[in-house]
Amino acid sequence: MNKVILYNPKSAVAKHRIPNSILNIAAAIEGKYEWVIVDGNIETDPLKKLFSYLDTGEYSYLGFTVMPGPQLRESVPLSKAIRAKYPHTTMIWGGYFPSTQPEAVLNSGYVDFIINGPGDNAFPRLIDALENHEPYEFIKNLIYKANGKTHKTIKEDLLDQDSLPPLPYDKLGTFYPMKKYLGKTYLGNHTMAYHSSIGCPFTCSFCAVVPIYEARWKAKSAQRVYADVKYIKDKWGADAIEFHDNNFFVSEKRTVEFSKMMVGENMSWWGMARIDTMDKFKDESLALIREAGCKIIFFGAESGNDEILAQLDKGGTQTGEQIIRFAERLKKFDIIPEYSFVLGTPASTPEKVQAQIDFDIDFIKKVKAVNPRTEIVLYTYSPVPTEGSELFKQVLESGFEYPKTLDDWVSPAWENFDMRKNPLTPWLTPEMIDRIRDFETVLNGVYPTVTDIRLNDLKRRTIKLISAVRYKANLYKYPYEIKLLQRYWKYRQPEISGF
């Protein structure tokens, strides 16, 4: 049988995370097809490594996991080079980017198939079909081209997560030392990455998860999650966890069960949640979560303006008043709320867009006033193709268009779009973008993120002193002195580089 290469494109400069996405695929084909993993985060020359496997003639299938931004930027030239030298290699892309931009990916001429969502069944069934020269048209979660047309098969129901095979951590360790994946972060000296669930039960119209999972969520049991974490802790010395779930805290019951097992393990952890979900948690549940090692939780605050929350299809019961109240509530549990805000949503006039930006700048300062430890992560709204949403309809009516080719997608401007730093949207002027970025600079000067472990107390005091006057006087324009210090000290922004 032909063998499979699973490739994790480079996504971080220094810190390496366990490549959970491709490990899931590896687990799905374990025992059926021989496979190897190539990790672009660790390889100094990933193309050379890929060629070394393909040169043997034993590998016919190459699977990429592709997120927008850095992973896409690396995947495009590598895929081109592989197709040119090994034209008969079957290239399969999975991940958020190809699922939301299938036309650009398949029209490239070097990607043959897209796994549209979870690949636990789709990937091995596709390989089976190709190996046995059988039809693949009825395999769920596939996108492909045939006779010049793009075909998308129906979505598969989300699988019971406990029924899936365990991730092959030990075999990953034969390719790369596992300790390379357990880096030093704000959370601990040996931080592991883990996915305990997939999807999210909400339909926010600005979120890339929605078109893929369609308001569905499936989680591993608390017992299964604890067993995996304990295994990596006991075997490789992990002392902290980043839960990369889109929404870890959907179920209070599961969270409490997991927390009870984690008490005494002396591990710190972080995850993502919704404010209106966790605001319903009992006080004793929040206290237990902190006792179990949870230090910081990421929340999508998005806006303090209730009209904007409605525009974003935030759903649930979240309000501006609740966002502030919940930040204050978490103080007594010693849990740091990490709030993300999305500025620059479309409006009918430039004046309204500017007013929305100014409203949320003032609102963020109110959040900081009630809980100064609140971490603030600022994004500029970048459209997501959420079909049927009123917001995306507004986006299209404004004249916004996505690039048509992968070469355009990997241009510097569109890469910044993917990182939600340069939106390229018709309703935002350069002056508006500058105001958002300048405020962010001043805010990060007054309140440097706790997750930047390289900033010592002296540096923190210095930059806070320099930035405080601007912050109090609402003088955000041209903060060159703050930018100079941040650049010199290589200030780490969590939204770009993680902890």
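Which residue in strand 13 stands opposite M272? In this predicted model, the residue facing M272 is F298 of strand 13.

**The parallel sheet**

Strand 12, covering residues 268-273, and strand 13, covering residues 294-302, run parallel and are joined by 5 bridges. Both belong to an open sheet of 6 strands, in which the pairing is parallel and the order is 8-11-12-13-14-15. Strand 8 (191-194) and strand 15 occupy the edges; each has a single partner strand, so one side of each lacks a neighbour in the sheet. From one strand to the next, the twist averages 20°.

A helix also packs on this sheet. Helix 15, residues 350-370, lies across strand 13, strand 14 (336-343) and strand 15. Relative to strand 14, helix 15 runs at about 175°.

**Helix 6 and its surroundings**

Helix 6 spans residues 122-131, and 8 of its 10 residues are buried, so the helix is largely enclosed by the rest of the structure. The buried residues are A122, F123, P124, L126, I127, D128, A129 and E131. Several elements contribute to their cover. Among them are helix 1 (20-29) and the strands 1 (3-8), 3 (59-65), 4 (90-94), 5 (113-115) and 6 (142-146). After helix 6 comes H133, which has a positive phi near 55°.

**Internal cavities**

Rolling a probe the size of a water molecule over the atoms reveals where empty space remains. In this model, the count is 6 cavities of 30 Å³ or more. The table sets out the two for which volume and lining are described here.

| Cavity | Volume | Nonpolar lining residues | Polar lining residues | Charged lining residues |
|---|---|---|---|---|
| Largest cavity | about 90 Å³ | 6 residues | 3 residues | 4 residues |
| Second largest cavity | about 60 Å³ | 4 residues | 4 residues | 3 residues |

The largest cavity holds about 90 Å³ of space. It is lined by 13 residues, of which E375, I376, N444, Y447 and Y491 are the closest to its centre. Which elements each supply at least two residues of the lining of the largest cavity? They are strand 15 (375-380), helix 19 (430-446) and helix 22 (494-497). Strand 15 is thus named in two settings: it stands at an edge of the open sheet, and it contributes to the lining of the largest cavity.

The second largest cavity has a volume of about 60 Å³. Its lining consists of P118, G119, D120, N121, N141, E156, D157, L158, L159, Q161 and I198. By class, these divide into 4 nonpolar, 4 polar and 3 charged residues.

Terms used:
Residues numbered from 1 in each chain as written. Predicted model: local features only at pLDDT ≥ 70, side-chain atom pairs only at ≥ 80, totals over all residues. Heavy atoms only, no water. 1 Å grid on protein atoms, 1.4 Å probe; cavity = no way out; pocket = protein on both sides within 12 Å on 5 of 7 lines; lining within 4 Å. Points joined across faces, edges and corners; volume = space filled by probe spheres on them. Helix = DSSP H or I, 4+ residues; strand = E, 2+ residues; numbered from the N terminus. Nonpolar A, V, L, I, M, F, W, Y, C, P; charged D, E, K, R; others polar. Pairing = 2+ DSSP bridges. Axes fitted to C-alpha atoms, helices over the stretch in contact; angles between N-to-C directions. Contact = heavy atoms within 4.5 Å. Buried < 20%, exposed > 50% of the residue type's maximum accessible area, 1.4 Å probe, protein only.
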